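User: Please take a close look at the domain organisation of the first chain in this model. I would like one connected account that also covers its strands, its ligand surroundings and its partner chain.

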Amino acid sequence: METVKVIINGKEVEAPKGKLLLEVCFDAGFPIPNFCYYKDLPPQAACRMCLVRIEKMGRLQTACTMRVSEGMVVTTESEEIRRARMAMVDFILANHPLDCPVCDKGGECELQWMAMNYGDLLARFDEQKDATGEYPLSPFIWLDPQRCILCYRCIRVCDEWVENHALGVRGRGAHSVIVGNRPDGTLACEHCGNCVEVCPVGALTSTNFRFRARPWDIRDTVTTCTYCSDGCQLRLSVRDGRVVRAWAKDLTKMDAEFANKVLFSFRTAPETRHNWINEEFLCLKGRYGNEFVNSPDRLRVPLLRRNGRLEPATWEEALKYVAQRILEIKRTYGPESIACIGSPRLTNEDLYVLAKFGRQVLETPHVTHAMDVDWRPFFKRLTVPLLTQPELREQMPTILLIGGNPPEYNPLTAYSLRAAVHRHGARLYIVSARPIGRLQVATRFFHIRPGSEPAVWLALLDEGEVERAAEATLLTREELYELRRFVWEADRLALLVGREVTGPALEAAAVLGGMLQAKGERIVRVLPLLRFNNSLGALDMGLVAEMLVPEQVGPQIKALYLMGCDLVRFYGDAWRQALARAELVVAHELFLTRTAELAHVVLPAMSFAELDGTFTNNAGQVQRIRRALGVAGDWRPDWMIIDQIAAKMGADLGCRHSAANIFREIAETIPGYQGITYARLNEEGAIQTERPLMPLEVIDRARLLERLRAQVEAIDHTAERLQEPAPLGIGLFEPGTLTEHVPLLRQAFGWDVRESVEVSR
Amino acid sequence: MEKVRVLSARFDLPDSHTIEVYLRTGGYQALRKALAEMTPEAVIEEVKRSALRGRGGAGFSTGMKWSFVPKDSSKPKYVIANADESEPGTCKDRVLMEKDPHAVIEGILLAAYAVQAHLAFIYIRGEYWYLKERLEYAIEEARAHGFVGANILGSGFSCDIIVHPGAGAYICGEETALMESLEGKRGYPRIKPPFPAVVGLYGCPTVINNVETLASVPPIILNGGDWFRRLGTEKSGGTRLFAVSGHVARPGVYELPMGYSMKRMIEEDCGGIRGGKRLKAVIPGGSSAPILTAEEVEQCTLDFESLLALKSMLGSGAIIVMDEDTDIAQVVYRITKFYEHESCGWCVPCREGTRWMRKLLERLLRGEGRPKDVDLLYELARNIFGTTHCPLGDAAAWAVYPAIEKFRADFEKYVRAAAVSVSAEPSDVPGARRLLVV
Ligand SMILES: Cc1cc2nc3c(=O)[nH]c(=O)nc-3n(C[C@H](O)[C@H](O)[C@H](O)COP(=O)(O)O)c2cc1C
Ligand code: SF4
Ligand code: SF4
Ligand code: SF4
Ligand code: SF4
Ligand code: FES
């Protein structure tokens with residue numbers, strides 16, 4: 001990279017040519033106050049806070065738009081500049097309501113900070129202010145236009161991070177107001193709340209957080225999101241034992257001192273560091289989907305079925321009952337009559353203990369978890385390492401996405417794809433049966449026949465199959481050759497695999513990387529778009545047996561040990577009868593789900609906000625979840641419940657009373673997890689597991705091609721391309737076991753949530 | 001100084017807007033000449049030699065501007081005629097387009113040939129809807145004669161012209177805001193650099209010139225750059241249309257050579273101050289230029305250099321003349337209101353500063369002024385000046401602080417009036433009590 005020498009306040013500094021002066025100054029230790037500047041967003045030159053003097057230039061220049069060039073001589077501190085900054089603060093505060101005492105932002109407001117540091121002692125504005133009220137833009141977001149300083153961060157974030165283009169400005173001059181995209185000025189968007197987060201002041205606020213806490217009442221805990229497999233980091237803010245918000249803003253980026261002031265309540269070293277895989281991004285669920293933990297519907301005590309009704313019981317009663325029944329069933333029907341099914345939402349620690357319990361204590365082969373797509377063949381044949389989000393954003397000039405709908409199901413991946421295009425002009429090719437509304441940044445879009453994804457992989461693997469693939473996909477031969485060139489000629493390639501890719505095609509997706517790397521010097525990484533926050537962890541922890549079909553229950557399976565998985569909801573009503581046929585159903589749950597209702601024993605578990613543990617995201621990165629809440633019910637971690645049952649059965653699972661101890665064992669026994677510790681996770685944030693890769697020679701590629709061909713032959717060749725993109729919110733706005741207990745989401749989307757069944761207390 | 005009529009030569013002819021009259025009076029000869037005899041570079045050279053400087057406001061050398069357009073760019077190039085004419089006091093482009101639309105069209109075609117653009121736009125002030133029709137009619141006339149469209153006059157050079165109306169925003173006269181608007185977006189000024197000559201309309205190299213600037217080009221090509229330059233001064237070539245308004249006996253649009261005496265213009269051409277009053281002040285370049293006192297007017301000539309020396313500017317060539325009865329504080333208030341209304345709102349100092357100044361002035365003029373107000377107003381304007389994103393903010397400041405420097409008494413008298421009434425009858429004056437608190 002070409003560098004240039006510039007002189008800043010008399011100090012000679014070397015910097016990459018063309019870098020923004022504001023960033024160069026920041027790095028050189030001369031932070032420049034700013035509002036409208038935001039890292040990686042297009043420069044605005046709007047707030048004029050960043051004015052500096054550059055020699056040989058007539059007027060003060062905005063450091064946020066100026067790019068450094070050789071020999072530039074810059075002054076960032078002088079009387080003239082001090083006065084200019086003071087003037088800007090003066091102007092901004094002129095019509096500002098200054099209602100800091102009742103403003104949600106007070107205490108972590110960038111304007112307060114700037115006013116204290118750069119403003120005048122006295123405000124000189126002595127005219128009538130033009131007052132405006134505050135009003136909601138959406139069920140999630142409120143706007144107070146008078147507090148707005150028009151930095152346009154919200155608009156740009158909506159354009160660039162989430163591609164909703166839902167915000168704009170209405171009116172001119174001092175009457176300019178931020179508005180939403182509906183004719184009446186409200187918002188029709190995906191409600192990610194990122195606009196609220198980047199707002200430097202209290203102009204945009206979130207409905208769930210408004211008037212609920214001041215920053216100094218809050219304790220923040222850095223943890224991992226409990227929704228999709230991308231694995232965003234977030235801070236859970238807790239006040240008086242209740243989660244009041246989730247946020248991800250990187251305050252250190254603005255000013256280390258400011259960051260420390262705002263984050264004073266949790267100034268522990270590893271957690272203030274913001275090297276998060278999601279930078280500052282969160283989606284609707286990650287941001288607004290956490291308040292299920294506060295829900296009054298949470299199960300608070302164990303329930304035991306007596307005379308056909310679930311009734312409260314003590315832990316001792318419940319655990320004893322379970323241990324006893326399991327032993328009886330095992331004795332009567334044999335170990336294979338018991339099945340353990342976990343949930344891909346639980347921690348590695350919980351799932352590991354469940355698997356160990358199933359194998360070592362119950363001695364059953366039926367240890368598995370609820371999967372939406374069977375990814376096992378993929379991980380079995382993985383030939384290249386998994387792709388992390390930072391790699392996707394920064395290091396991959398060529399990106400191919402086949403299938404999937406990242407904006408809806410893997411929102412962080414969608415953000416990273418956009419960032420790759422915006423930041424370094426990555427070429428993004430998308431192959432999909434439906435247009436993807438919010439990935440318009442794509443360089444090329446290949447519109448295929450629904451269900452024909454396998455044919456694309458076939459063509460990518462084998463040039464001789466282009467003809468067949470063209471027929472199946474409705475793409476032209478030229479288009480398929482273009483895709484082949486894109487993949488085979490790339491130096492650094494990211495392959496993203498959506499959940500439409502199944503069976504042999506999924507194996508092909510795992511193998512292609514290895515084939516490409518064998519062909520020549522190049523780097524290929526692959527990202528499987530798994531569904532749940534710990535889908536990969538569940539596979540890693542060994543819950544990999546074939547999932548049961550409901551018909552097995554009764555004749556073959558007599559006892560079901562369910563950990564956090566609502567089979568009825570997940571797999572359908574056929575499971576109701578299946579559960580009725582079982583002699584024993586044990587369910588660890590947060591809520592009385594459709595499945596738990598039918599159980600014999602329901603054990604109240606802890607949520608991710610009450611637990612310590614780890615999740616493994618779709619890039620194979622292990623990240624911590626941390627206990628953010630105290631105890632509000634008589635609930636226990638899943639692993640502890642199992643440990644106690646095992647103890648009652650006379651077995652020792654070796655949990656030694658802590659998740660950290662369990663994780664130590666995971667690191668010793670699970671391939672890829674070696675060397676990872678909680679201490680390192682605290683220090684480094686995310687640590688990627690080193691997955692065993694399959695050598696290409698071992699794979700019978702001829703056989704794979706054959707199976708893939710058969711899969712392609714089976715494609716319905718009469719199906720037409722889907723012209724309409726999937727509707728906004730198809731994934732994001734869908735009610736789930738957790739989200740339907742979040743009042744804000746329930747109200748916003750009008751979910752008609754099933755009344756919970758009356759439980760006698 | 002000799003008063004030739006270059007731009008206004010056809011203004012008095014009946015049906016001057018028709019192509020027949022235009023052709024009869026030498027119209028499209030320059031285009032014919034350029035296409036047949038001159039390379040694009042030669043056209044640019046001729047314009048450079050003419051010392052033609054932009055008539056839109058900034059007065060930048062037109063030939064230089066054209067030469068900045070990259071020749072090797074693979075992108076299409078565009079020419080835009082800025083006909084947004086919204087500067088208070090300015091009404092010269094209107095007369096040009098009304099009386100001599102073909103001169104504007106021929107100028108556009110010459111500019112397009114010089115930079116090898118094949119599409120040109122006329123961005124016209126929305127209120128000039130009747131001129132839009134006139135221009136479109138003229139373009140069709142020109143097309144019928146083979147001057148517009150494909151393969152102009154068999155030269156192989158093609159160029160089309162589209163007229164696009166604005167929607168009532170002064171800021172859309174600023175060249176980059178204009179381009180945003182033309183692209184269908186909100187008219188916010190862009191960050192410069194890059195300049196339009198390199199990255200302009202739709203990200204392509206673009207020449208944007210004022211209507212009058214473009215209309216000056218055909219005579220330059222026809223008669224030579226040297227001829228044009230000699231009509232004016234060494235650095236400000238040619239003649240120019242001055243829109244004179246205010247307290248003169250004969251307001252109107254006058255074509256005068258650059259370097260002409262301002263005093264002479266007011267006294268001779270415009271018939272002096274109305275009603276035999278004395279001159280008090282002149283705003284020389286539309287509302288955006290710092291005000292001149294009567295003494296300054298004495299030494300002022302109508303060219304870029306002279307006004308620069310007086311720390312003002314010739315701007316759009318709109319001369320607002322004010323007699324001795326004029327209250328400069330009222331003038332400044334009116335102009336400030338204009339800028340507050342027209343501020344696009346993009347940047348803080350202009351958006352908030354103009355509102356603040358307007359409110360302060362309103363209070364001052366209401367008789368609720370306080371001793372520190374004039375200084376505060378002055379300082380606000382100084383704080384706006386040089387800190388804004390586009391020149392509109394500077395203009396808003398220029399309307400205020402030089403006026404305070406030169407006519408402070410006009411402002412102070414409101415403060416005194418307030419102070420007097422406070423001591424006499426505090427309860428009579430709204431807001432006066434606040435004064436006692438201060
Ligand atoms: C706020 C503002 C308004 C402007 N309005 C006009 C206008 O109405 N007409 C015009 O020709 N130039 C206007 N300009 C100047 C243009 O930005 C630009 O300098 C001009 O069109 C260039 O043409 P010229 O070089 O021929 O003068 C305006 C500039 C500013 C800052
Ligand atoms: S936005 Fe900031 S400065 Fe404004 S009222 Fe809120 S806390 Fe105070
Ligand atoms: S919530 Fe998200 S999608 Fe909606 S306006 Fe804000 S940034 Fe855009
Ligand atoms: S609402 Fe907030 S982020 Fe958006 S422009 Fe206003 S101050 Fe900036
Ligand atoms: S100076 Fe005024 S008109 Fe220009 S960008 Fe700023 S707010 Fe808009
Ligand atoms: S940070 Fe540079 S103008 Fe706002």
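Analyst: The domain bounds used here come from an automatic or database domain assignment. The model itself is predicted. On that basis, chain A is divided into domain 1 (3–87), domain 2 (99–294), domain 3 (303–369 + 535–688) and domain 4 (377–528). Domain 3 of chain A is thus given as two segments, 303–369 and 535–688.

Between domain 2 of chain A and domain 4 of chain A, the C-alpha centres lie 35 Å apart. Their contact takes 13 residues from domain 2 of chain A and 15 residues from domain 4 of chain A. On the side of domain 2 of chain A that touches domain 4 of chain A, seven residues are nonpolar, three are polar and three are charged.

Turning to the strands of chain A, β1 (residues 3–8) and β2 (residues 11–16) pair in the antiparallel sense over six bridges. These two strands, β1(A) and β2(A), form a hairpin with two residues between them. A:Ile8 has A:Lys11 in β2(A) as its bridge partner, and A:Asn9 in the turn has a positive phi of about 50 degrees.

A further element of chain A is an open sheet of three strands, ordered β11-β12-β13 with antiparallel pairing. Because β11 (219–224) and β13 (242–247) of chain A stand at the edges with a single partner strand each, one side of each is left without a neighbour in the sheet. On average, neighbouring strands of this sheet are turned by 30 degrees against each other, direction ignored. Strand β12 (residues 233–239) of chain A pairs with β13(A) in the antiparallel sense over five bridges; A:Leu236 stands opposite A:Ala246 in β13(A). In a regular strand, side chains alternate between the two faces of the sheet.

The surroundings of ligand 2 comprise 14 residues, of which A:Cys100, A:Cys103, A:Cys109, A:Val201 and A:Gly202 come nearest. By character, the shell around ligand 2 divides into seven nonpolar, four polar and three charged residues.

Chain A also meets chain B, in a contact that takes 26 residues from chain A and 24 residues from chain B. To the side of chain B that touches chain A, α15 (328–342), α16 (348–368) and α17 (373–384) of chain B each supply at least two residues. The largest share, 10 residues, comes from α16(B). That side of chain B divides into nine nonpolar, eight polar and seven charged residues.

In chain B, the shell around ligand 1 draws at least three residues from each of domain 1 (19–231) and domain 3 (328–437). Of the 23 residues around ligand 1, B:Gly54, B:Gly56, B:Gly173, B:Asn210 and B:Thr213 come nearest. The largest share of this shell, three residues, comes from β4(B).

As for confidence, the mean pLDDT of chain A is 95, and 98% of its residues reach 70 or more. Residues 266–270 of chain A stay under 50, and the model has eight contacts for them beyond four places in sequence. Over residues 756–761 of chain A the pLDDT is also below 50, with 10 contacts in the model beyond near neighbours in sequence. Where pLDDT is low, the predicted coordinates should not be read in detail.

Definitions and conventions:
Residues are numbered from 1 along each chain as its sequence is written. Chains are lettered from A and ligands numbered from 1 in the order in which they are written. This is a predicted model: local features need pLDDT of at least 70, side-chain atom pairs count only at pLDDT 80 or more; totals for chains, interfaces and linings use all residues. A residue is near a molecule or strand if its C-beta atom, placed from the backbone, lies within 6 Å of it. Helices (H or I, at least four residues) and strands (E, at least two) are DSSP runs, numbered from the N terminus. Two residues are in contact if their C-beta atoms, placed from the backbone, lie within 7 Å. Ala, Val, Leu, Ile, Met, Phe, Trp, Tyr, Cys and Pro count as nonpolar, Asp, Glu, Lys and Arg as charged, and the others, Gly among them, as polar. Two strands pair if DSSP finds at least two bridges between them. Axes are lines fitted to C-alpha atoms, for helices over the stretch in contact, and angles run from 0 to 180 degrees between N-to-C directions. pLDDT is the predictor's confidence in each residue, from 0 to 100.
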